[in-house]
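Dear colleague,

Please find below the structure I agreed to pass on to you. My notes on it follow directly after.

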Amino acid sequence: MGTGIWGHAHGTGYVPGIDLVGYKVEATDGSIGKVDKHTEDVGRSYVVVDTGPWIFGRRVLIPAGLIVRVDAEDETVHLSCTRDHVKDSPDFAKHEREDEPTFVTMIENYYTNPHTGPHM
């Protein structure tokens with residue numbers, strides 16, 4: 001576990017090796033979907049969330065640093081950002097791979113820029 005946008009923060013309840021796929025995902029103001037993919041890559045941990053009908057089946061990439069709590073009993077991941085912030089995030093579907101440098105930079109800028117960053 002690490003710190004920063006790409007690392008799981010200490011004290012969130014995240015346990016390395018846990019499979020988050022299928023967990024519900026909650027923003028600060030409501031549900032956004034379910035985890036479709038999850039990675040524990042050192043220096044680049046994240047979840048990909050399938051938003052279902054909420055935003056027309058769009059998939060979004062959420063850096064692990066935005067996860068504030070993992071509730072294994074309820075199978076829910078809680079985020080530090082709002083539904084609108086997730087909705088306005090860079091479009092995951094327009095990029096072939098989540099490790100594409102341009103996409104990674106867009107995600108970092110979006111979630112760390114105080115003018116566009118999470119509404120906490």
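To begin with a point of orientation: where is Glu75 found? Glu75 sits in the loop between S5 and S6. Its phi is near 50°, a positive value in a residue other than glycine. Most residues other than glycine have a negative phi. Glu75 is partly exposed, because its relative accessible area is 42%, and buried would require a value under 20%.

Confidence

Please bear in mind that this is a predicted model. The mean pLDDT of the chain is 87, and 90% of the residues score at least 70. Among the elements of the chain, strand S6 (residues 76–79) has the highest mean pLDDT, at 98, whereas helix H2 (residues 101–112) has the lowest, at 89.

The sheet

An open sheet is formed by 6 strands, in the order S4-S3-S2-S1-S6-S5, and the pairing is mixed. The edges are taken by strand S4 (59–63) and strand S5 (67–71); each has a single partner strand, so one side of each is left without a neighbour in the sheet. On average, neighbouring strands of this sheet are turned by 35° against each other, direction ignored.

At the S4 edge, strand S3 (residues 46–50) and S4 run antiparallel and are joined by 5 bridges. Two of the residue pairings may help you to find the register: Val47 has Ile62 in S4 as its bridge partner, and Val48 is partnered by Leu61 of S4. In a regular strand the side chains alternate between the two faces of the sheet. Although S4 is an edge strand, S4 is mostly covered, with 4 of its 5 residues buried.

The segment before S1

His8 belongs to the segment before strand S1 (24–27). Its relative accessibility is 4%, and His8 therefore counts as buried. The C-alpha atom of His8 is separated by 5.1 Å from that of Ala64, although the two residues are 56 residues apart along the chain.

Arg58 and its surroundings

Arg58 deserves a separate paragraph. The residue is placed in the loop between S3 and S4 and counts as buried because its relative accessibility is 16%, below the limit of 20%. With neighbours within four places in sequence left aside, Arg58 is in contact with Val49, Asp50, Thr51, Gly52, Val86, Lys87, Ser89, Pro90 and Asp91. Two of these contacts can be described in more detail. A polar atom of the Arg58 side chain lies 2.7 Å from the backbone oxygen of Lys87. The side chains of Arg58 and Asp91 also meet in a salt bridge, at 3.8 Å from N to O. This pair links distant parts of the chain, since Asp91 is in the loop between helix H1 (83–87) and H2, 33 residues from Arg58. Whereas Arg58 is buried, Asp91 is partly exposed, with a relative accessible area of 25%.

Further salt bridges

How many salt bridges does a search of the whole structure find? The search finds 4 salt bridges, and the pair of Arg58 and Asp91 described above is one of them. Another joins Lys24 and Asp74, whose closest N and O atoms are 3.4 Å apart. This pair, too, links distant parts of the chain: Lys24 is in strand S1 and Asp74 in the loop between S5 and S6, 50 residues apart. Both partners are partly exposed, Lys24 with a relative accessible area of 33% and Asp74 with 40%. The loop that holds Asp74 also holds Glu75, the residue with which these notes began.

Arg69 and Asp71 form a salt bridge as well, their closest N and O atoms being 3.8 Å apart. Arg69 is partly exposed, at 40% relative accessible area, and Asp71 is partly exposed too, at 22%. Both residue numbers fall within the range of edge strand S5 (67–71).

For your inspection of the model, I would suggest starting with two places: the loop between S3 and S4, where Arg58 is found, and the loop between S5 and S6, where Glu75 is found.

With kind regards

Technical notes:
Residues numbered from 1 in each chain as written. Predicted model: local features only at pLDDT ≥ 70, side-chain atom pairs only at ≥ 80, totals over all residues. Heavy atoms only, no water. pLDDT = per-residue confidence, 0-100. Pairing = 2+ DSSP bridges. Axes fitted to C-alpha atoms, helices over the stretch in contact; angles between N-to-C directions. Buried < 20%, exposed > 50% of the residue type's maximum accessible area, 1.4 Å probe, protein only. Polar contact = N/O pair within 3.5 Å; in protein donor to acceptor, adjacent residues only side chain to side chain. Contact = heavy atoms within 4.5 Å.
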